[in-house]
Amino acid sequence: MLGFQFAPRIPDLKSRRLHSFGKAAAYPSLEPLIAGRINTALIRAHWLEILRVAASIHTGTVAASLILRQLASYPRQNGLAAALREVGRLERTLFTLDWLGDAELRRQTSRELNKGETRNGLARAVFIHRLGEIRDRTYENQQHRASGLNLLVTAIILWNTRYLERAVAALRQTEDVPDQLLAHLSPLGWEHVNLTGDYIWSAERPVTESRDGFHPLRAAPDTARKAA
């Protein structure tokens, strides 16, 4: 209803249960996985309210978090909350069936989630001050702290991206590097970045960078090339 599909990695898949429109016996191969039937009458009865909720979120009139808090505060017999729960069962069932039958969906979802986890790992590595805890009391200072962390993480990603581009260009001068292999590169590494220590910039010290602002690339030893 909002124009996008949530594609999470499904943990503990064996305990997940499906919901159907008809009786479970009508789907012999899936019957052990079906936990119940979807109440379509309840969805129809509250369909206009469901559309209003979706339109409010889509236009930004009301924050999704506020709507979820309101629905969570309702008793379970609230009609709109119950209808949305039925819609959720429907969406979850469809996605679970796609997950079981589409290996490419599973691989793509795992790749995207791994990217997010790697980015969070980089942020945790950078955020070492005060044991990685934000202890500022005011919301404004907390926002400043989080923005500073995002700025540092983005700077590292940009630095890695620029040097990966230069490294690929240098390799292509001597050998073939197919474009499909570049999809497996990631600018989220930080093992080569000195995250602790003293940083001194002095006019008396010689400049370590070249005139174009880049460090020279390290040439791979012949033994490493042969091994690769």
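In this predicted model, T93 makes contact with L18 and H19, leaving aside residues up to four places away in sequence. T93 is located in helix α4 and counts as buried, its relative accessibility being 8%. A neighbouring view is offered by T96, which also has its place in α4, a helix that runs over residues 79–101. With residues up to four places away in sequence again set aside, T96 touches I10, L13 and L18. L18 is thus among the residues touched by T93 and among those touched by T96. The relative accessible area of T96 is 7%, so this threonine is buried, given that the term applies to values under 20%.

Helix α4 also carries an aromatic pair, one of two in the structure. Its members are F95 and W99, whose ring centres lie 5.9 Å from each other and whose planes make an angle of 45°, an arrangement classed as tilted. The two residues are separated by about one helical turn because they stand four residues apart in α4. Are these two rings buried or exposed? F95 is buried, at 8% relative accessibility, and W99 is buried too, with a relative accessible area of 7%.

Turning to the fold as a whole, the protein holds eight helices and two strands. Along the sequence, the two strands come before the helices, in the pattern β-β-α-α-α-α-α-α-α-α. The protein has 228 residues, of which 19% count as buried. Of the contacts between residues at least 6 apart in sequence, 60% link residues that are at least 24 apart.

In soluble globular proteins, nonpolar side chains tend to be buried together. Here, the largest nonpolar core is a set of 10 residues, namely I38, I43, I50, V53, I67, L71, L80, A81, A83 and V87. Three elements, α2 (47–59), α3 (64–73) and α4, each give two or more residues to this core. Which of them supplies the largest share? That element is α4, with four residues. Helix α4 therefore holds the buried T93 as well as the largest share of this core. A second core, separate from the one just described, has eight residues, including L122, A123, F127 and L149.

Some members of that second core reappear where two helices meet. Two packed helices are described by the angle between their axes and the distance between the axes. For α5 (residues 103–126) and α6 (residues 139–171), the axes approach within 10 Å and cross at roughly 115°. The crossing of α5 past α6 is right-handed. On the α5 side the contact is made by R119, L122, A123 and V126, and on the α6 side by L149, N150, L152, V153, I156 and I157. Eight of the residues in this contact are nonpolar, one is polar and one is charged. L122, A123 and L149 belong both to this contact and to the second core.

Helix α6 also includes A167. This alanine is partly exposed, with a relative accessible area of 29%, a value that falls between the 20% and 50% limits. In sequence, A167 and L217 are 50 residues apart, yet their C-alpha atoms lie 7.1 Å from each other in space.

Terms used
Residues numbered from 1 in each chain as written. Predicted model: local features only at pLDDT ≥ 70, side-chain atom pairs only at ≥ 80, totals over all residues. Heavy atoms only, no water. Axes fitted to C-alpha atoms, helices over the stretch in contact; angles between N-to-C directions. Left-handed = near helix turned anticlockwise from the far one by under 90°. Contact = heavy atoms within 4.5 Å. Nonpolar A, V, L, I, M, F, W, Y, C, P; charged D, E, K, R; others polar. Buried < 20%, exposed > 50% of the residue type's maximum accessible area, 1.4 Å probe, protein only. Phe/Tyr/Trp six-rings, centres within 6.5 Å; stacked < 30°, edge-to-face > 60°. Core = buried A, V, L, I, M, F, W, Y, C linked by side-chain atoms within 4.5 Å.
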